[in-house]
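User: I would like to go through a model with you. Could you take my questions one at a time?
Analyst: Certainly; please show the model.

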There are 2 protein chains.
Amino acid sequence: MRMYDIIEKKKQGKELSKEEIEYIIREYSADKLPDYQVSALLMAIFFKGMTMDETVNLTMAMANSGDVLDLSKINGIKVDKHSTGGVGDKTSLVVAPIVASLGVPVAKMSGRGLGHTGGTIDKLESFTGFKTVISDDDFIKQVNDIKIALVGQTANLAPADKKLYALRDVTATVNQKSLIASSIMSKKIASGADKIVLDVKCGSGAFMNNYDDAYDLATIMVNIGEMVGRETIAVISDMNEPLGRYVGNALEVKEAIDVLSGKGEERLTDLCITLASNMYMMGSDTDSYDLAKEEVLRVIREGKALDKLAELVKTQGGDENQVYHPETLPKALYCMDVLAEQDGYLASCKTSEVGMTSLILGGGRETKESEIDLSVGIRIDKRLGEHVDKGERIAVLYANESEKLEDAKKRFVNAYTFSDTEVKAEPLIKKIISRKDIMA
Amino acid sequence: MRMYDIIEKKKQGKELSKEEIEYIIREYSADKLPDYQVSALLMAIFFKGMTMDETVNLTMAMANSGDVLDLSKINGIKVDKHSTGGVGDKTSLVVAPIVASLGVPVAKMSGRGLGHTGGTIDKLESFTGFKTVISDDDFIKQVNDIKIALVGQTANLAPADKKLYALRDVTATVNQKSLIASSIMSKKIASGADKIVLDVKCGSGAFMNNYDDAYDLATIMVNIGEMVGRETIAVISDMNEPLGRYVGNALEVKEAIDVLSGKGEERLTDLCITLASNMYMMGSDTDSYDLAKEEVLRVIREGKALDKLAELVKTQGGDENQVYHPETLPKALYCMDVLAEQDGYLASCKTSEVGMTSLILGGGRETKESEIDLSVGIRIDKRLGEHVDKGERIAVLYANESEKLEDAKKRFVNAYTFSDTEVKAEPLIKKIISRKDIMA
């Protein structure tokens, strides 16, 4: 088998065989294929696409390129949840305790990654003493004992995906749906999930800017799941403005506690309930969405979901009192109000710019070496479609270095446009895609 | 300027600026751009193409990446001739002496390269004592004295093209017309030609398999020439079977001598006369093709073209008697007849397979380090369209190692197909494209 012939074949739009795809991943992982041939292939894939068979074969080759977690010692159906990434997305902090409190095991290993804020693991470190490193045995024991563990990734999961992604990142070949789908699914499969709920973001703060692209990506991933025997559901949700009222780390933990306490912002709450209800349906005997949702609402109402978060924090060495007293979570020294510079309806948001604002304030990582400031971030007062008067507060910025505030404010203000006429916000949940949709 | 943005721009089908193209060539030549970004760009160019402005800017950036020969001390208009490469192509050995004998200076530097046979320089080494290395001063003096010098490439011509081509060669991005055109033209421009005659081959033994592709490539090159002030003419000629009766090195020298003696194979002779007449037109005051052709036929008839070859051989240290006694050129020890295995009309030829036959016999270079055997090769008795009887000889193979003959014969036989019904051979010269064609 020669890489040259494989590139030529894909260039001509032909389907690569399972053996060819396994060859690429095996040889590239072993540093036996030069980057320049792989990047040429990736660009050919960008233009010619991949069939579902190719996508599945790539997914499995990458999933099997490193450790594959064996969660069989955990009782019950392990349902994993993954978001394609957006600004202000703290849903994992909410849905994990909800479904765990309903008896569905949540065994989640996440990387830290780069972004506007830290990942779920970083955010949880807002709790004093919270430990993210646990041995594999303790990890499994904890999930069996209390149904939930959220830890940092220690295993070498899908290293081929990591290597391929790094190459895509510098060769303008990230935005190809089959490659994105196989990247996401390979990691979920390697981390041992039986079933998967995907939150596919769509809009100005997401990889997929428009609905059609998000729909295609979601469909590919649900298909992959089906073809490899891991039932997958994808919720396509709006990311044309940040999710919820807060962007940051400790700020998002506070907001997650709000939702678990039944007093969360409406759209964020709706999305969390939708995701949690789907996860519960997949992980339990319940096959009615309405019944599943009732259960989700019940554990929130009865405080059981919040208690589950406290139990998780305590078990992993953190101060569980902070769950009930979120005012004790890390707080920034300085804040600055952002006031509307004109009257009008909030018409559009460059959501990724709000993310950049958080990064400027210190809330995210620009490089792997960056330190995250857990306490900084943004409170957003107004949603798209709302009317604001000139001088009215639309947001608050939080920082530990006051000189960062002015820059951040400029960036934030430029993210929004105003309109004189009424503007309707996008619906939050655009579509839910499950196995029955791809069978049609 | 960031290479990432340039890749993304081309991926979206946008035109790269002169500055961007110069940046790529400058930085890549200086080893400051990684291969993997350049190969991703090349693949994007394969799919999205290049505009004429981009192609011209790439050509000039590559031409200027190394030495640019100054031939201004040579009197007259320097007309260079280039073939895109085919099997049995010995036209340079014929047309160079013809136009030199008509007073048009031929100052040709060629690389040795890889292929089914050696290059023009290799072939000339069939003459005992022929030297291909001459100092720059002597090179210029020789052209002024006798109007012709054919030497090996000593200057560092278009090194960026060399580096880029090596990358294209391993990433399946060779066959893109703008890249091919700029590669060829950059070398011609760097080697100091005032005007250029191109022989664009078309068919089963050429880069361009079909007429449309050859036409496009020819048009792009004529356009480049026009845009950089080097008048260019392209002759599109058939390469659906080897050119002439011989493939090899000394064998091709013999055949060139046949043509210069007025007794060459018809199609080969026609092409040589067409190329030489166009070169003479461009390098002289003559603007009538018919008059130019008359002059070309006259120097052949009067033996002046053949004498010019002898003068060239003598001046460069070779034995000029061999020009008049080609039977003294290197000869192989063994030969083997190839007989027709069936009756029928010769219907088609995989010409590149005939080239491979020559390579197997030892006539070409597989790697830069390979030694060429000047004496081996193929005599082809039958042209496409001719009828042959079973058992009739269709070719003779020449080798110095008898064990190579059987393999070579198999390869050769498999190159041809037979037909029961009459087959018409392709016309030799399909089109001549000059500045007036691209103005239309």
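**Salt bridges, interface and domains**

Analyst: To begin with one residue of this predicted model, Lys382(A) is classed as buried because its relative accessibility is 13%, under the 20% limit.

User: Which residue forms a salt bridge with Lys382(A), and how far apart are the closest N and O atoms?
Analyst: The partner is Glu392(A), and the closest N and O atoms are 2.7 Å apart. The two residues are 10 residues apart and link distant parts of the chain. Lys382(A) sits in the loop between strand S9 (377-380) and S10 of chain A, while Glu392(A) sits in the loop between strand S10 (387-388) and strand S11 (393-399).

User: Is Glu392(A) buried or partly exposed?
Analyst: Glu392(A) counts as partly exposed, because its relative accessibility is 27%.

User: How many salt bridges does the structure hold over all chains?
Analyst: The total over all chains is 74. In chain A, a network of salt bridges links Asp238(A), Glu241(A), Glu265(A), Arg267(A), Arg383(A), Glu426(A) and Lys430(A).

User: Turning to chain B, where does Asp161(B) lie?
Analyst: Asp161(B) lies in helix H8 of chain B. With a relative accessible area of 4%, Asp161(B) is buried.

User: What is Asp161(B) in contact with, leaving aside its neighbours within four places in sequence?
Analyst: Asp161(B) is in contact with Met62(B), Ser183(B), Ser186(B) and Lys187(B). With Ser183(B) there is a side-chain to side-chain polar contact at 2.7 Å. With Lys187(B) there is a salt bridge, at 3.6 Å from N to O. That salt bridge joins helix H8 (residues 159-170) to helix H9 (residues 177-190) of chain B, its two residues being 26 residues apart.

User: And Lys187(B), buried or partly exposed?
Analyst: Lys187(B) is partly exposed, with a relative accessible area of 33%, whereas Asp161(B) is buried at 4%.

User: What about Lys304(B) and Glu302(B)?
Analyst: Their side chains meet in a salt bridge, at 3.3 Å from N to O. Lys304(B) is partly exposed at 42% relative accessibility, and Glu302(B) is also partly exposed, with a relative accessible area of 42%.

User: Now the interface. How many residues of chain A are in contact with chain B?
Analyst: 20 residues of chain A are in contact with 20 residues of chain B. The area buried between the two chains is about 1800 Å², and carbon and sulfur atoms give 73% of that area.

User: Which three residues of chain A supply more of its buried area than any other three?
Analyst: They are Lys11(A), Tyr36(A) and Phe47(A), which supply 35% of the area that chain A buries against chain B.

User: Which helices of chain A each supply at least two residues to that side?
Analyst: Helix H1 (3-11), helix H3 (35-48) and helix H8 (159-170) of chain A do so. H3(A) gives the most, with 10 residues. By class, the side of chain A that touches chain B has 11 nonpolar, four polar and five charged residues.

User: How many salt bridges are found across the interface of chain A and chain B?
Analyst: The rule finds zero salt bridges there. For polar contact, the count is nine residue pairs between chain A and chain B, both residues at pLDDT 80 or more.

User: Lastly, how is chain A divided into domains?
Analyst: Chain A is divided into domain 1 (3-63), domain 2 (79-325 + 429-439) and domain 3 (331-419). The centres of domain 1 and domain 3 of chain A, taken over C-alpha atoms, are separated by 42 Å.

Note on methods. Residues are numbered from 1 along each chain as its sequence is written. Chains are lettered from A and ligands numbered from 1 in the order in which they are written. This is a predicted model: local features need pLDDT of at least 70, side-chain atom pairs count only at pLDDT 80 or more; totals for chains, interfaces and linings use all residues. Side-chain values use heavy atoms; hydrogens and water are left out. Contact means heavy atoms within 4.5 Å. Buried area is the accessible area (1.4 Å probe) that two parts lose on being put together, summed over both. A salt bridge is a side-chain nitrogen of Lys or Arg within 4 Å of a carboxyl oxygen of Asp or Glu. A polar contact is a pair of N or O atoms within 3.5 Å; within protein, one must be able to donate a hydrogen and the other to accept it, and residues adjacent in sequence count only if both atoms are side-chain atoms. Helices (H or I, at least four residues) and strands (E, at least two) are DSSP runs, numbered from the N terminus. Ala, Val, Leu, Ile, Met, Phe, Trp, Tyr, Cys and Pro count as nonpolar, Asp, Glu, Lys and Arg as charged, and the others, Gly among them, as polar. Domain bounds come from an automatic or database domain assignment. Buried means under 20% relative accessible area, exposed over 50%, partly exposed in between (1.4 Å probe, protein chains only).
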